[in-house]
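Colleague: I should like a close look at one part of this model, with the criteria stated wherever a term depends on them.

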Amino acid sequence: MTYHLTLPQENRDLVQAVENSFGCLGKPLSQPDRFLIGQGRLTKLSRRGPKTKSFFLFNDVLVYGGIVLKGRWHKKQKIIPLEDVQLEDLEDSFNMKNQWLIRTPSKSFFVGAPTCLEKQEWMQHIESCRSKLLQTSGRQPGSVFAVTWVPDQASSICMRCCSTFTVTHRRHHCRNCGFVVCNSCSKHRALLRHIHPKKHQRICRICHSTLSNALARVREDSVESSSSGEDEMVISSDEDQVEESMEDQAPTRWLCTDGLLDL
């Protein structure tokens with residue numbers, strides 16, 4: 001269903017309502033030129049399987065989060081600038097129907113809509129908003145995107161050493177290649193700037209070797225480089241956070257401000 005909003009106050013109230021739904025842990029969303037285009041629930045394929053999330057499309061960002069209390073509240077807010085979004089249409093898979101891929105510099109993931117029509121609407125609205133944003137704001141589109149993670153259930157063994165996963169021999173993901181690997185094969189850390197400018201990310205031993213060799217070649221070619229050691233590998237043992245439980249989906253609401261979208 002599509003609604004046409006003509007009063008700025010109506011839009012401000014809608015944006016404020018989305019901001020409030022994330023509580024004190026969410027980042028502010030209200031901005032003078034920000035419009036809420038649509039909202040709905042999509043299935044996001046996480047490392048532990050499909051999870052239903054609430055998605056909110058604004059004219060400049062895509063926001064999503066976990067569902068609490070039947071959708072009245074949300075948690076784990078994620079905000080993605082639309083200039084950093086790249087979409088890829090996909091065929092249905094065993095795990096997901098009506099799916100497509102959302103690529104961003106820090107994270108790439110699969111999402112699925114309840115119907116084929118809703119999938120088409122989401123993709124069209126995101127692409128239209130992104131195109132208008134790039135045309136009017138002078139922002140530059142993203143050029144480097146994170147790999148998609150291989151789902152946990154896709155492999156019962158480490159994709160590097162072939163050891164079997166157990167309750168104590170846990171799965172992890174290499175942030176550089178997306179493979180499912182064990183802790184022994186992912187002890188190294190590397191600075192992947194497209195994911196985070198300062199925080200070192202877990203990588204597997206193969207990627208560590210590849211990145212180390214590439215870094216060595218760069219240093220040989222540019223002895224006077226001013227990298228100041230930011231690309232050095234480090235070792236730590238941080239654990240991943242587990243995403244929360246799934247809720248039912250509901251039809252998407254499209255709120256189209258007059259003249260904003262040409263759909």
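Which residues of α1 are buried?

Modeller: This is a predicted model, in which local features need pLDDT of at least 70 and side-chain atom pairs count only at pLDDT 80 or more, while totals for chains, interfaces and linings use all residues. Residues are numbered from 1 along each chain as its sequence is written, and side-chain values use heavy atoms, with hydrogens and water left out.

The buried residues of α1 are N11, V15, V18, E19 and S21 (buried: under 20% relative accessible area; exposed: over 50%; partly exposed: in between; 1.4 Å probe, protein chains only). Helices (H or I, at least four residues) and strands (E, at least two) are DSSP runs, numbered from the N terminus. Helix α1 covers residues 8–21; its 14 residues should span 20 Å at 1.5 Å a residue, and the end C-alpha atoms are indeed 20 Å apart (expected span: 1.5 Å times one less than the number of residues). The cover over its buried residues includes β2 (36–46), β3 (49–58) and β5 (73–81).

Just beyond the helix, G23 adopts a positive phi of about 70°, and C24 counts as exposed because its relative accessibility is 78%. F22, by contrast, is buried, with a relative accessible area of 6%.

The structure holds 4 aromatic pairs (Phe, Tyr or Trp rings, the six-membered one for Trp, with centres within 6.5 Å; planes under 30 degrees apart are stacked, over 60 edge-to-face, the rest tilted). One of them joins F22 to F56 edge-to-face, at 6.2 Å centre to centre and 70° between the planes. This pair links distant parts of the chain, since F22 lies in the loop between α1 and β2 and F56 in strand β3, 34 residues apart. F56 counts as buried because its relative accessibility is 5%. A further pair, Y64 with F109, is tilted, at 5.4 Å between centres and 55° between planes. Because Y64 belongs to strand β4 (residues 61–68) and F109 to strand β8 (residues 109–112), this pair ties together parts 45 residues apart in sequence. Y64 and F109 are both buried, and ring pairs link them with F55 and W122 into a cluster.

H74, in strand β5, connects several of these elements. Leaving aside neighbours within four places in sequence, H74 is in contact (heavy atoms within 4.5 Å) with S21, F22, S54, F56, G66, I67 and V68. H74 counts as buried because its relative accessible area is 9%.
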